Amino acid sequence: MKLSRYFLRTYKEVPKEAQTPSHILMHRAGMIQKLSSGIYNYLPLSLKVLKKIENIIREELDKRGCQEVLMPAVQPAELWEESGRWKYYGPELLRFKDRKDADYCLGPTHEEVITDMVRRSIKSYKQLPVNLYQIQSKFRDEIRPRFGLMRGREFIMKDAYSFDVDEEESKKSYRMMYDAYTAVFTRCGLRFKAVDAATGAIGGDMSHEFQVLAETGEDEILSCTKCSYAANVEKAVTRRVVVRPENRGKSQISEIHTPSQKTIDEITSFLDKPADSLIKTLIYLIDDEPYAVLVRGDHDANEAKIQAALGANAVLPADEETVKRVTGADVGFAGPLNLKEDIKILSDEQIYMFTDMVCGANKTDYHLTGVDPERDIKPYKTGDFTFAHPGDSCPECEGTLETFRGIEVGQVFFLGDKYSKAMNCNFLDQNGKEKPAVMGCYGIGVSRTMAAAIEQNHDDNGIIWPVSIAPFETVVLPLQSNNEEINTLAEKFYDELKNMGVDAALDDRNERAGFKLNDADLIGYPVQLVVGSKMVEQGLVEVKIRSTGDRKEVKIEEASAAVKDILAGLK
RNA sequence: CGGGAUGUAGCCUAGUGGCUAAGGCGCCUGCUUUGGGAGCAGGAGACCGAAGGUUCGAGUCCUUCUAUCCCGACCA
């Protein structure tokens, strides 16, 4: 592409709304324009990157037997009512009515539509397995879109869905997609980790996220220093040795006056006791039923783990009114004993490491001391309901966990029959018996992957694209725009490179040298071929590698081949 | 949804209640210049987010709305 005709405008200044490197640089490099909050135009330069990522995805999926389809963005409410998610999905689902007053939504994901599509065609086990995917725009009405393409409302996603005859076959599909994703992100030139993940509103009971490692990532990952264990902090478990104290059952419960001492910090300093000797009691509404969740004072409740342990749809902190009703006290004085309503109690197992503990008395301005969890509390369920922390022990080996920041660019889910059962996506097995298909679903945020690549690969001057997803692999830079000889030579290199199959750009704009050189660093072409009069006089040109900053002087007649070689080395 | 901040030209910013709203980047014309975002001269581009209000007079003060951004809550 000749840049003199390319729809491209770069900027020196940063719009004040852009805060993160990918957002700033995509704006400065003329890749995107904001149309509305969380909604962006993709200009030619960024669309080229998206197409390259999409093509890598297509190649990796097609060769594993997946087939591409395209589903509508607009979806009828009936399908969502069938799956139950019209009720559960919440305000992130953008809903609207047509002229006949019928309900529709913009698709945030396509489990319903694909399940409907497949159930119409699949009648026999002989037709399975099926694995279908699409690359298409999704809309999620995020509460707070931010960081440009990192968390947009409309974004481009590759979503895939597998249908198998049983769980064993479905897990093979899951494994295959896991391998495909590993291949995709490796080919995209990204440093990433696949981590155990919570399943959230999608449901199912097994999931991995693919996290691109970058300081600006919104997710926290814990991974073992010794083995391959890695998990999202929501899901991470630790090797817990809960040693139950010997002297239990001896402490005396007594009620103490603790006026206005509501928070853990206030209580610890008021009573001069360590936070781990407190039992924090949190009232949750889990699928509209109140629960008391008990964790140690120095820990935080992990809603994702609670949701998974109960197989619940929604875990929400209870409102003040509900807390007052079930505890009989103001917020801040809840405890597991003497609750006003007989609600279910979930105990994190680490509260059993101590005896003589402090908890709320379910009476405003009072706490209880001398509580022995083992003796005094009757839990509905005990388990791991807290977050793991860096430094904790790895659950699978002798190592410890360390923390990383990550950007979630892909996630794979084993769904089981959640959707196929609800929506009657059945087939006849070998015995003529009707069974629901066993499903998996698999997503890659294509536009987010582009942003994540920049978050991970940039410097003060601009973007440093991995070769495989760079908008152009190289740029030819004639530095003296008014010099016919230089321009002719540059054009010759450009033609040569294209004929060699290199995706090259020619910066033939009538601009000064500094302008072009700065633009080239900003846009982040992996290799620059600099054609300047001083060196051409000596029969040389310069090849610059963006990622290392290395410059090599090469003979004019060897320049195009040198560029191609360097690109091959960078891949 | 709670807390905070901000809306002045495509972008960044200035602007005590008082003349025709100022500057930089970018854009157009001409000249000059050409190895790290050049220089000079000239020019185009703004109903100052919207609607009300206070005032002799509002970009500036007040009210409401709206949009955007940040923190939190939330989130395949």
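Visitor: Which angles count as roughly perpendicular?
Guide: Angles under 35 degrees count as roughly parallel, and those over 145 as roughly antiparallel. The roughly perpendicular class is 65 to 115 degrees.

Visitor: How are α2 and α12 oriented to each other in this model?
Guide: The model is predicted. The axes of α2 (residues 44-62) and α12 (residues 446-456) come within 9 Å and cross at roughly 110 degrees. The class for 65 to 115 degrees applies. The two helices are therefore roughly perpendicular.

Visitor: Which residues of α12 make the contact with α2?
Guide: On the α2 side, the contact uses Ser 46, Val 49, Leu 50, Ile 53 and Glu 54. By class, the contact has five nonpolar, three polar and one charged residues. The α12 side supplies Val 446, Ser 447, Thr 449 and Met 450.

Visitor: Which strands are the edges of the sheet β28-β27-β29-β30-β31?
Guide: This open sheet has five strands and mixed pairing. Its twist averages 25 degrees from one strand to the next. An edge strand here pairs on one side only. The edges are β28 (504-506) and β31 (551-555).

Visitor: What is the bridge partner of Val 543 in β31?
Guide: Strand β30 (residues 540-545) pairs with β31 in the antiparallel sense, over five bridges. Their hairpin has five residues between the strands, and Gly 549 takes a positive phi near 80 degrees. The partner of Val 543 in β31 is Lys 552.

Visitor: Which residue in β30 stands opposite Gln 528?
Guide: β29 and β30 also pair in the antiparallel sense, over four bridges. Opposite Gln 528 stands Lys 544.

Visitor: What angle does α16 make with β30?
Guide: Helix α16 (residues 559-570) packs on the sheet. It touches β27 (474-478), β29 (527-531), β30 and β31. Its direction and that of β30 make about 15 degrees.

Visitor: Why is one side of β16 and of β20 left without a neighbour in the sheet?
Guide: The open sheet runs in the order β16-β14-β15-β17-β20, with mixed pairing. Its twist averages 30 degrees from one strand to the next. β16 (315-317) and β20 (381-383) stand at its edges, so one side of each has no neighbour, as each has a single partner strand.

Visitor: What is the bridge partner of Asp 348 in β20?
Guide: Strand β17 (residues 344-348) and β20 pair in the parallel sense. They share three bridges. The partner of Asp 348 is Gly 383.

Visitor: At what angle does α9 run to β14?
Guide: Helix α8 (residues 303-310) lies across β14 (279-286), β15 (289-296), β16, β17 and β20, at about 135 degrees to β16. Helix α9 (residues 320-327) lies across β14 and β15. Its angle to β14 is about 115 degrees.

Visitor: Which helix gives the largest share of the largest nonpolar core?
Guide: Nonpolar side chains tend to be buried together in soluble globular proteins. The largest nonpolar core here has 95 residues, and Val 476, Leu 529 and Val 531 have the most contacts inside it. Seven residues form the largest share, and they come from helix α6 (residues 167-187).

Visitor: How many residues are in the other core, the one with Tyr 284?
Guide: Return briefly to the largest core. Beyond its neighbours within four places in sequence, Val 531 has contacts including Val 476, Ile 486, Phe 493 and Val 541. Another core lies apart, with Tyr 284, Ala 292, Tyr 352 and Cys 359 among its members. Its size is 32 residues.

Notes
Residues numbered from 1 in each chain as written. Chains lettered and ligands numbered in written order. Predicted model: local features only at pLDDT ≥ 70, side-chain atom pairs only at ≥ 80, totals over all residues. Axes fitted to C-alpha atoms, helices over the stretch in contact; angles between N-to-C directions. Contact = placed C-beta atoms within 7 Å. Nonpolar A, V, L, I, M, F, W, Y, C, P; charged D, E, K, R; others polar. Pairing = 2+ DSSP bridges. Core = buried A, V, L, I, M, F, W, Y, C linked by C-beta atoms within 7 Å. Buried ≥ 20, exposed ≤ 12 C-beta atoms within 10 Å, placed from the backbone.
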